[in-house]
Amino acid sequence: MTTHPEKHNLRAWTDINKHKLGKGIKKPRFRKAKQWVIQNRILMAVLIVEDVKLSELAKEVGVAPRTVASWIYEGVKPTEEYRAHISHKFGLPQSVLFFDDRHYDQIPAWTGKRFLKRVLLGEKKNRILTGLFAVHDLSPSDFSKEMNLAPATTRKYMHQGKKPAPEVGEIYCSFFGLPEEILFYETERRN
């Protein structure tokens with residue numbers, strides 16, 4: 001009678017490789033759109049900051065992932081029922097999340113550094129502003145330097161949720177092509 005050496009060594013191999021289990025292949029959490037332009041930048045910004053994939057949102061809402069992609073990349077407006085569900089999930093009104101953004105493709109060309117994922121660490125009180133830096137792949141500190149602002153100023157608006165002075169807020173609003181009541185909506189509610 002022959003014994004199978006694999007049977008009694010299986011437990012040992014499992015213990016040796018336990019730290020490798022469930023790691024999988026590292027893929028970026030959000031892919032960069034190659035052919036499509038993000039038309040609902042605000043919803044995409046909130047998804048990135050909240051770390052919710054399109055497929056996860058689709059499953060929670062009860063639609064196909066392609067449907068959620070059409071809301072973001074093609075500018076298709078979801079039905080009232082879906083808008084209400086998404087609005088409730090993220091705690092933002094429908095008028096903010098589904099703002100009729102006509103400047104999504106008019107952001108100036110950027111030659112500075114790219115957005116670093118570490119910006120998303122910690123608390124973000126202005127998810128829209130923080131997420132827009134990620135959507136447009138902009139470094140907040142380089143943006144600040146380019147606009148003659150201190151990098152700490154931009155961080156203060158992103159992470160602490162401070163409302164900028166009107167002349168400073170106008171810099172952000174004109175660059176991103178969004179009105180102040182949308183871009184700084186979460187700071188408006190706090191102050």
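# Close-up views of salt bridges, a helix contact and two loops

**View 1.** Glu180 is partly exposed, with a relative accessible area of 24%, a class that falls between buried (under 20%) and exposed (over 50%) when a 1.4 Å probe is applied to protein chains only. The model is predicted, so local features need pLDDT of at least 70 and side-chain atom pairs count only at pLDDT 80 or more, while totals for chains, interfaces and linings use all residues. Residues are numbered from 1 along each chain as its sequence is written, and side-chain values use heavy atoms, with hydrogens and water left out. The side chain of Glu180 forms a salt bridge with Lys163, and the closest N and O atoms of the pair are 3.8 Å apart. Because Glu180 belongs to helix 11 (residues 180–183) and Lys163 to the loop between helix 9 (151–160) and helix 10 (166–176), this pair ties together parts that are 17 residues apart in sequence. Lys163, like its partner, is partly exposed, at 36% relative accessible area. Elsewhere, Glu50, Arg127 and Glu186 are joined into one network by salt bridges that share partners.

**View 2.** Glu50 and Arg127 meet through their side chains in a salt bridge, at 3.1 Å from N to O. This pair links distant parts of the chain, with Glu50 in helix 2 (residues 41–50) and Arg127 in helix 7 (residues 127–135), 77 residues apart. Helices are DSSP runs (H or I, at least four residues), as strands are (E, at least two), and both are numbered from the N terminus. Which of the two classes, buried or partly exposed, does Arg127 fall into? Arg127 is buried, with a relative accessible area of 10%, whereas Glu50 counts as partly exposed at 36%. Side chains of opposite charge can pair when their charged atoms come close. The rule applied here asks for a side-chain nitrogen of Lys or Arg within 4 Å of a carboxyl oxygen of Asp or Glu, and by this rule the count comes to six salt bridges.

**View 3.** Lys89 and Glu60 are joined by a salt bridge between their side chains, at 3.1 Å from N to O. Since Lys89 lies in helix 5 (residues 80–90) and Glu60 in helix 3 (residues 54–61), the pair ties together parts that are 29 residues apart in sequence. Both partners are partly exposed, Lys89 with a relative accessible area of 32% and Glu60 with one of 40%.

**View 4.** Helix 3 passes helix 5 in a right-handed crossing, meaning that the near helix is turned clockwise from the far one by less than a right angle, where an anticlockwise turn would make it left-handed. The two axes come within 11 Å and cross at roughly 115°; axes are lines fitted to C-alpha atoms, for helices over the stretch in contact, and angles run from 0 to 180 degrees between N-to-C directions. Leu57, Glu60 and Val61 of helix 3 meet Tyr82, His85, Ile86, Lys89 and Phe90 of helix 5, where contact means heavy atoms within 4.5 Å. The residues of this contact divide into five nonpolar, one polar and two charged, with Ala, Val, Leu, Ile, Met, Phe, Trp, Tyr, Cys and Pro taken as nonpolar, Asp, Glu, Lys and Arg as charged, and the others, Gly among them, as polar.

**View 5.** Leu54, Leu57, Ala58 and Val61 are buried in helix 3. They cover an arc of only 100° around the axis, which puts them on the same side of helix 3; the arc is that of the directions from the helix axis to the C-beta atoms. Among the elements that cover the buried residues of helix 3 are helix 2, helix 4 (65–73) and helix 5. Just after helix 3, Gly62 takes a positive phi of about 95°.

**View 6.** Ser144 lies in helix 8 (residues 140–146) and counts as buried, at 0% relative accessibility. Apart from neighbours within four places in sequence, Ser144 is in contact with Leu149, Ala150, Pro151 and Thr154. Thr154 is 10 residues from Ser144 in sequence, and their C-alpha atoms are 6.5 Å apart in space.

**View 7.** Asp51 has a positive phi, near 60°, although it is a residue other than glycine. Asp51 sits in the loop between helix 2 and helix 3 and is partly exposed, at 40% relative accessible area. Asp137, also not a glycine, has a positive phi of about 55°; this residue is found in the loop between helix 7 and helix 8 and is buried, with a relative accessible area of 16%.
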